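Take a walk through this model, one strand and one helix pair at a time. Keep the sequence at hand as you read.

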Amino acid sequence: MRLPLPLLAGALFSAGSALAQAPIPVGHLMDNSGPTSDVGVPYGQGVADALTWVNQTRNGVAGRRLAVSGFDYGYQAPRAVGQYQSWAQRERVVAIQGWGTADTEALVRFVTRDRIPYISGSYSAALTDAGGRSGRRGVEAAPFNFFYGPSYSDALRGMLQWAAEDWRARGQQGRPRYVHMGANHPYPNSPKEAGEALARELGFEVLPAIQFALTPGDYTAQCLTLKNQGANYAYLGNTAGSNISVLRACQTVGVQVQFLGNVWGMDENAMKAAGTAADGVVFPVRTEAVWGGANPGMETIRAISRVSDPAGNAYRPVHYLAGACAAMLMVEAMETAAANGGQVTGERIRDGFYARQNWVPNGFQGVCTPSTFSATDHRGTMRVSLYRARVTGNTAQGSVQELMAAGTMSLQQVATIDLPRRADWLGW
C-alpha cells in the first residue's frame with residue numbers, strides 16, 4: 001500500500017516527534033549490598049538523586065526524561081556483565097553509571113564495541129588510555145570509559161608527593177618507609193605498582209606489601225607486621241569497611257604510622273565508626289567542597305539532596321557529592337549531544353565529554369572539580385585535594401551531622417597537589 005505524499009510526510013513527522021519525546025534510557029549499576037556498599041550506598045544515592053533532580057527541574061535532557069534503570073549487583077562482576085547485556089540488548093541504554101574496578105575493566109571491550117559511554121566509580125588508571133597509546137601490558141584502548149576525579153594511581157602519587165614534603169617538614173632523617181596495604185584484588189592492586197615506582201623515585205624505601213581482605217575482620221597480625229617493619233607511611237587500598245578494622249587493630253597494638261587512605265578508604269561515616277583510630281588519616285577528596293561548605297554550588301547540591309531527604313536534615317558524605325558530579329558530567333555530555341536537534345547516541349555523548357575544557361557542570365561551581373577529557377587521554381583531572389580526618393573524642397553518641405557540628409569530627413584540607421600530565425603515567 002502506498003500512502004499519498006502528504007500522509008507519508010505526516011507519518012514520518014509523527015514518528016520523529018515521538019522519538020524526540022521518548023525517554024532516554026540510562027543504566028545505573030550500584031553496590032548497595034556487597035563488600036563495598038559502605039561507600040557504594042552514598043555514592044549511588046548521589047547519582048540517583050542528581051538524575052531524578054534533572055528530571056524534576058530540567059525536564060530531563062532536551063525535553064526528554066531520563067529513564068534510569070538501577071541494579072544492585074552486590075559487587076559481583078559476573079552479575080554486572082549479565083546486567084550489562086540486558087541493558088545493551090533489551091533496554092538499549094545510551095550511557096551507564098557504573099561502579100567497581102573488576103566489573104568495569106571486564107566490560108571495556110563490550111562498551112567499546114557497543115559504543116556506550118560508561119561513567120564508573122572505578123578510577124583505575126587503565127581506563128584512562130582512551131586511544132590505546134600507552135603500550136602498557138594489559139591496558140587496552142578504552143574510548144568509552146570515563147570517571148570523575150583523579151585516577152587511583154594519580155591520587156596515590158599526589159599523596160606520596162605530600163608525604164615526601166611532610167617527612168622533610170617534620171625534620172626527619174634518612175629515607176621514609178612506605179608500604180602498600182590491601183586485598184589481592186583488581187581495585188586495591190590498581191595503583192600498587194605506580195605508587196611503589198613513584199615512592200622509589202621520591203626516595204622512599206618500599207617495604208613488602210601487606211594483604212588484608214575487603215571485608216571487616218581481625219587484622220591484628222597485619223598491624224603487628226606493619227609495626228615490626230617500621231613503616232612511616234602506609235597506603236590503605238580497600239574501602240572504608242575493612243580499613244576501619246585495620247585502624248582499630250593498629251591503634252590497639254600501638255602502631256605509629258601515617259595512614260594514607262585511598263579515595264574510597266575514608267569518609268565521615270568511617271570516621272564515626274572508627275572513632276579516634278581514624279584521627280590523622282590523610283585521603284583524597286574529589287570535590288572542591290565537603291558538606292556544609294559555603295561554596296556557590298552547595299545550594300545546588302542541597303537541592304539535589306532534598307530529592308531523597310525532603311526535610312533537608314541528612315548529612316551527605318564526600319562520596320555523595322562525587323556521585324552527583326559524575327552524574328552531571330554525563331547529563332551535560334548528553335545535552336551537548338542533543339544540541340541543535342542532534343540525536344542522543346553513545347558516540348555523540350562520548351564526544352560531548354570532549355566539548356569543554358576545565359569543565360564544571362552548570363550550577364556546581366566550587367563543588368565539582370574542573371575536568372578536561374580528550375580523545376586520547378581520559379584523565380579528567382590531575383589535581384589531587386588532600387584532607388585529614390580529625391576525630392577528637394567519643395563518636396559512639398550522636399549522628400555524623402551532630403559530631404561534625406560539635407567539632408568532635410572534622411575534615412581539614414592539608415594540600416592540593418597539581419600533578420604533571422606525564423605521558424608515561426597514562427594508563428598506569
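**A covered strand and a helix crossing**

Begin with strand β12, residues 383-391, in this predicted model. β12 is mostly covered: 7 of its 9 residues are buried.

Two partners flank the discussion of β12. The first to look at is strand β11, residues 282-285. β11 and β12 run antiparallel and are joined by 4 bridges. To find the register, look at valine 285, which stands opposite serine 385 of β12. Then turn to strand β13, residues 409-418. Here 9 bridges make the link, and β12 and β13 again run antiparallel. In this pairing, valine 384 faces isoleucine 417 of β13 across the strands. In a regular strand, side chains alternate between the two faces of the sheet.

Now move to the helices. Helix α2 spans residues 37-58, and helix α13 spans residues 318-338. Their axes lie 7 Å apart and meet at an angle of about 40°. Why is α2 called oblique to α13? Angles under 35 degrees count as roughly parallel and those from 65 to 115 as roughly perpendicular, so an angle of about 40° falls into the oblique class. The crossing of α2 and α13 is right-handed.

Which residues make the contact? From α2 come, among them, Val39, Pro42, Tyr43, Val47, Leu51, Trp53 and Arg58. From α13 come residues including His319, Tyr320, Ala324, Met328, Val331 and Glu335. By type, the contact of α2 with α13 divides into 16 nonpolar, 4 polar and 3 charged residues.

Notes:
Residues numbered from 1 in each chain as written. Predicted model: local features only at pLDDT ≥ 70, side-chain atom pairs only at ≥ 80, totals over all residues. Heavy atoms only, no water. Buried < 20%, exposed > 50% of the residue type's maximum accessible area, 1.4 Å probe, protein only. Helix = DSSP H or I, 4+ residues; strand = E, 2+ residues; numbered from the N terminus. Pairing = 2+ DSSP bridges. Axes fitted to C-alpha atoms, helices over the stretch in contact; angles between N-to-C directions. Left-handed = near helix turned anticlockwise from the far one by under 90°. Contact = heavy atoms within 4.5 Å. Nonpolar A, V, L, I, M, F, W, Y, C, P; charged D, E, K, R; others polar.
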